[in-house]
Amino acid sequence: MDLLIVGSGFFGLTIAERAAAAGRKVTVIDRRHHIGGNAFSENEAQTGIEVHRYGAHLFHTSNATVWEYVNRFTQFTDYVHRVYTNHKGVVYPLPINLATINQFFQAAYSPADARALVNELAGEFDAKSAANLEEKAIALIGRPLYEAFIRDYTAKQWQTDPKDLPAEVISRLPVRYNYDNRYFNDTWEGLPVDGYTAWLERMADHANIEVKLDTDFFDAAQPLNKAATVGQVPIVYTGPVDRYFDFAEGELGWRTLDFEEEVVDVADFQGTSVMNYADADVPYTRIHEFKHFHPERADRYPAEKTVIMREYSRFAGRDDEPYYPVNTPEDRARLLAYRDLSKGEADVHFGGRLGTYQYLDMHMAIGAALSMWNNTLR
Ligand code: FDA
């Protein structure tokens, strides 16, 4: 073995694929029973509808190198992501755009009218001196839109009143002064035609790559554990950086999500793939309906059944799946301490969202892995 990779998510598999193509013998271990990390998807047993097991995953990128690379393993559908939100029983388009504003104010503002109105409403606070998230958000979009679309949703995401969240949690709140409600601004967007898992399996499909599942790097009982391998073979580690160092500098904070899946006996539950719930009286943040990610599969999916998934957000404990870095000033200080410790590890390369304590979209994880391969490992 020339290289050990801990974690079979997009970061680990990209390194594995590049190394194998360059003639290296690679072993990838993952503690889960499946490959692919958080992008893993599988067909729901009763309906055959593809469900993204760790939350909805939409591929999008403006990075030409990444786009060329991912197209070696899968084709993409022409799916374009759009999100709607339910506020007080009325559905509005997101991100906040001219349709949202005109529907909310029951008006027919022109782009210039709407911009002037939002600027006037935003004058209540100064973004630079905002003391908390609430003041910052009001300084960006004004109180009415903030209270309708941001306040309670943010409180549900963070289980914290936005008045008690730091202003830095948001840097900007995009408002579009036109009717464009495409969620992503990227050059390329789509979903893998035959699903995420087929794509991920093709990346690992090489004679030089061996994948071992249900194998935890910190389990001393399995031969490729930390004590047995560090210093013996180059390692790419994509698990949590604090866990690697046995939490010596303290735990890094994460938010996690709980998913509640349901098969419903209707052809179409909500008419779209993602519906947010903006208000405090609904405990979940959003509902995903997976059928709508693949309208081109209509003839293969059941006509009178659909799969929905309600999503709840909360702070993660040590045994929960870490999803979004909380990133408090204490977390950032700990991360710096872990980075210093990482420098002392002989030939261990920390990567991916858990290894670097960063939210990374898929194209960013793949791009970062290609850079690590080209600049360091090759
Ligand atoms: P990833 O977490 O995928 O893989 C790490 C792997 O390491 C896991 O398989 C884990 O089991 C393994 N591991 C950890 N510790 C180990 C140990 N001790 N021993 C062995 N294995 C170990 N992106 C995007 O572009 N569009 C989107 O719509 C979304 N949506 C989205 C929703 C939600 C809820 C989340 C949390 C994330 C997204 N993402 C996303 C981001 C996407 O999930 C992310 O880019 C990839 O998961 C990054 O891949 P990594 O390989 O870095 O980590």
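How many bridges join strand β10 to β16, and do the two strands run parallel or antiparallel? Select residues 235-237, which make up β10, together with β16: 3 bridges join the two, and they run parallel. Keep in mind as you click around that this is a predicted model.

**Stop 1: the open sheet**

While β10 is selected, pick out Tyr 237 and look across to β16, where Phe 350 stands opposite. Now bring in the rest of the sheet. It is an open one with 5 strands in the order β9-β2-β1-β10-β16, and the pairing is parallel. Color residues 209-212 (β9) and 348-350 (β16) to see the edges: each has a single partner strand, so one side of each has no neighbour in the sheet. Look along the sheet and you can check its twist, as neighbouring strands are turned by 20° against each other on average, ignoring direction.

Next, select residues 362-377. This is helix α12, which lies across β10 and β16 and runs at about 150° to β16.

**Stop 2: into the core**

Stay with α12 and click on Ile 366, which falls in its range, 362-377. Setting aside its neighbours within four places in sequence, Ile 366 is in contact with Phe 10, Thr 14, Phe 59, Val 66, Tyr 69, Val 70 and Trp 199. Show those side chains and you're looking into the largest nonpolar core, which has 75 residues. Ile 366 is among the residues with the most contacts inside this core, along with Phe 10, Phe 59, Val 70, Tyr 196 and Trp 199. Which helix gives the most to this core? Select residues 143-158: that's helix α6, with 6 residues in the core. Apart from this core lies another, of 15 residues, including Leu 3, Phe 11, Val 28 and Trp 373. As a rule of thumb, nonpolar side chains in soluble globular proteins tend to be buried together.

**Stop 3: helix α1**

Phe 10 and Phe 11 both sit in α1, and both are buried. Select residues 10-21 to see the whole helix: its 12 residues reach 16 Å from first C-alpha to last, close to the 16 Å expected. Is α1 enclosed or open? 10 of its 12 residues are buried, so the rest of the structure largely encloses it. Among the buried ones are Gly 12, Leu 13, Thr 14 and Glu 17. Step just past the end of α1 to Gly 23, which takes a positive phi of about 95°.

**Stop 4: antiparallel strands**

Now jump to residues 274-277 (β12) and 286-289 (β13), which run antiparallel and are joined by 3 bridges. Click Asn 276 and find its bridge partner in β13, Arg 286. Then add β14, residues 306-315: 4 bridges join it to β13, again antiparallel. Here His 288 has Met 309 as its bridge partner.

**Stop 5: charged pairs**

The whole structure holds 25 salt bridges. Start with Arg 297 and Glu 50, whose side chains meet at 2.8 Å, N to O. Arg 297 is in the loop between β13 and β14, while Glu 50 is in β4, 247 residues apart. Both are buried.

For a contrast, select Asp 320 and Arg 314, a salt bridge at 2.9 Å, N to O. Asp 320 is partly exposed, at 25% relative accessible area, and Arg 314 is partly exposed at 25% too. To finish, select Glu 124, Arg 143, Glu 147, Arg 151 and Asp 152, which salt bridges with shared partners join into one network.

Conventions:
Residues numbered from 1 in each chain as written. Predicted model: local features only at pLDDT ≥ 70, side-chain atom pairs only at ≥ 80, totals over all residues. Heavy atoms only, no water. Core = buried A, V, L, I, M, F, W, Y, C linked by side-chain atoms within 4.5 Å. Buried < 20%, exposed > 50% of the residue type's maximum accessible area, 1.4 Å probe, protein only. Contact = heavy atoms within 4.5 Å. Pairing = 2+ DSSP bridges. Salt bridge = Lys/Arg side-chain N within 4 Å of Asp/Glu carboxyl O. Expected span 1.5 Å × (residues − 1). Axes fitted to C-alpha atoms, helices over the stretch in contact; angles between N-to-C directions.
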